[in-house]
Amino acid sequence: MMIQTAEIEDILTGNPPIPAFNWGVYQSIQSRWDQIAKPLRSFGKLEKIHARIGAIQGRGVPDFQSMELLVCCADHGIVEEGVSQSDQSVTAICAENIGQGESTAGILAAAAGARITAIDVGMNQPNPVPGTLYRRVVKGTRNFLREPAMTQAEFHQALQVGLDLVKDNKRRGITLLGIGEMGIGNTTSAAVLTGKMLHRTAHEVLGPGAGLSQEGLSRKKRVIEKAISMDVPENVESIACSFGGLELAAMSGIIIGGALYGIPVILDGMLSQVSALMAERLTPGVKEFLIPSHESKEPASRALCQALGLEPIIQGNMAAGEGTGAALMMSLLKPVDRVYREAKRFDGYGMEPYEHYERSPEE
């Protein structure tokens with residue numbers, strides 16, 4: 001199978017366009033679910049998500065055999081303002097453990113039967129970090145209270161990193177991707193991005209990230225307030241370059257790539273959700289190719305899910321990052337798929353199928 005190389009500059013101008021979602025396959029899978037001997041639509045959102053995965057893959061029977069969790073890692077200049085209890089060295093320490101499968105995300109990915117890869121998109125280290133895939137654009141973003149976090153060229157390069165990761169995984173036969181991140185200070189960046197894109201206040205988007213004292217949380221709020229009040233053009237590219245992160249941009253690239261290459265992408269929490277909103281604003285239509293996992297305890301998560309029209313399955317008040325929610329979702333979906341493949345149909349019991357009285361295309 002020939003897999004075409006896609007360049008992000010072309011994609012941002014609509015060439016090639018984001019493909020239309022395959023409602024025919026979606027409805028075919030839903031019809032098969034309706035033949036299983038159980039109350040109709042009784043698996044609720046899980047049936048919808050299962051059908052969506054098959055539609056994105058173009059398969060009447062979705063494929064969960066080859067899954068990979070991509071964890072994008074980068075540093076943020078805004079940590080200079082004391083918005084985190086950790087310094088940038090922790091990003092590299094965590095990234096190395098993620099890449100070796102020894103972090104929480106790695107353990108959960110292994111339990112789901114998925115591989116995990118940590119990608120260095122922009123860590124502030126002198127050398128490549130062991131255990132990571134080296135795709136570094138630059139050694140972290142700049143302090144966005146003093147200057148733009150990154151240039152347009154750096155933003156595009158990080159998007160391209162994500163896009164190329166999907167292309168490479170498509171070539172390797174991966175059929176389902178999860179995404180996550182690691183980057184000290186990145187919840188501050190994501191909160192500002194959310195505030196700017198959704199016109200929310202610092203109070204509405206402020207969260208504790210990896211944990212802060214009351215003094216630290218107040219300092220973080222002041223940083224977010226100041227950034228949200230800054231005058232920058234309202235288009236998403238300007239907002240991303242002014243306040244974003246390299247790992248957030250790479251996740252946006254993965255999301256765009258998933259739509260182009262027909263690989264469903266399972267989101268994690270707030271960080272991947274803000275990347276999804278950026279991707280949707282850059283290339284409208286990609287949200288149809290997304291699979292939600294959980295609504296995190298970060299306040300911005302709910303607003304982002306609503307903006308994207310996503311209905312997360314897991315309401316666990318989680319905030320572990322690293323793609324842990326995506327890995328849990330993989331584990332949840334695999335037994336659901338076994339029901340779809342193996343459970344008896346109504347005709348196997350000699351019963352007439354239940355009848356739908358009201359039905360919409362997305363039910």
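Okay, let me start with a cysteine. The sulfur of Cys-94 sits 8.8 Å from the closest cysteine sulfur, the one in Cys-73, and that is too far for a bond. Keep in mind that this is a predicted model. As for its surroundings, Cys-94 is partly exposed, with a relative accessible area of 21%; the cut-off for buried is under 20%.

What about Cys-241, and how far is its sulfur from the closest cysteine sulfur? For Cys-241 that closest sulfur belongs to Cys-72, at 17 Å, so again it's too far for a bond. Cys-241 is buried, with a relative accessible area of 9%. With a limit of 2.5 Å between the sulfurs, the count of disulfides comes to zero.

Let's move on to the sheet. Six strands make an open sheet, and the order is S3-S2-S1-S4-S5-S6, with parallel pairing. Which strands stand at the edges? Those are S3, residues 132-134, and S6, residues 290-291; each has a single partner strand, so one side of each has no neighbour in the sheet.

Now look at S4. S1 and S4 run parallel and are joined by seven bridges; for example, Met-67 has Leu-176 as its bridge partner in S4. Then there's S5, residues 265-266, also parallel to S4, which spans residues 176-182, and here two bridges do the joining. Leu-177 has its bridge partner in S5, and that is Val-265.

Is S4 enclosed or open to the outside? Seven of its seven residues are buried, so S4 is largely enclosed by the rest of the structure. You can see it face by face: Leu-176, Gly-178, Gly-180 and Met-182 are buried on one side, and Leu-177, Ile-179 and Glu-181 are buried on the other. So yes, there's a glutamate among the buried residues of that strand.

Next, the helix that goes with the other part of the sheet. H5, residues 104-112, lies across S1 (67-74) and S2 (115-122), and runs at about 145° to S2. Its buried residues are Ala-105, Gly-106, Ala-109 and Ala-112. Those residues cover an arc of only 125° around the axis, which puts them on the same side of H5. That fits the usual helix geometry: an α-helix has 3.6 residues a turn, so residues three or four places apart point the same way. And what do the buried residues of H5 pack against? They pack against S1, S2 and helix H14, which covers 324-342. Turn to the other side of H5 and you find Ile-107, Ala-110 and Ala-111 exposed. Right after H5 comes Gly-113, and its phi is positive, near 80°.

Let me go back towards Cys-94 for a moment, to helix H4, residues 89-99, where we find Ala-95. Ala-95 is buried, and its relative accessible area is 0%. Setting aside neighbours within four places in sequence, Ala-95 is in contact with Cys-73, Ala-118, Met-123 and Thr-132. For a sense of distance, Ala-95 and Ser-238 are 28 Å apart, C-alpha to C-alpha, with their positions 143 residues apart in sequence.

That takes us to H10, residues 236-243, and to Ile-239 within that helix. Ile-239 is buried, at a relative accessible area of 3%. Its C-alpha is 7.8 Å from the one in Met-197, and those two residues are 42 apart along the chain. Beyond its neighbours within four places, the contacts of Ile-239 are Leu-193, Lys-196, Met-197, Val-232, Pro-233, Glu-234 and Gly-244.

Last topic, the core. The largest nonpolar core has 116 residues, and the ones touching the most other members are Phe-144, Ile-254 and Ile-255. Which helix gives the largest share of this core? That's H11, residues 246-261, with ten residues. Take Ile-255: leaving out residues up to four places away, it touches Ile-179, Val-265, Leu-267, Ser-272, Ser-275, Ala-276, Ala-279, Val-286 and Leu-290. Two of those names came up earlier: Ile-179 is one of the buried residues of S4, and Val-265 is the bridge partner of Leu-177.

Terms used
Residues are numbered from 1 along each chain as its sequence is written. This is a predicted model: local features need pLDDT of at least 70, side-chain atom pairs count only at pLDDT 80 or more; totals for chains, interfaces and linings use all residues. Side-chain values use heavy atoms; hydrogens and water are left out. Two strands pair if DSSP finds at least two bridges between them. Helices (H or I, at least four residues) and strands (E, at least two) are DSSP runs, numbered from the N terminus. Contact means heavy atoms within 4.5 Å. Axes are lines fitted to C-alpha atoms, for helices over the stretch in contact, and angles run from 0 to 180 degrees between N-to-C directions. Buried means under 20% relative accessible area, exposed over 50%, partly exposed in between (1.4 Å probe, protein chains only). The arc is that of the directions from the helix axis to the C-beta atoms. A nonpolar core is a set of buried Ala, Val, Leu, Ile, Met, Phe, Trp, Tyr and Cys residues joined through side-chain atoms within 4.5 Å.
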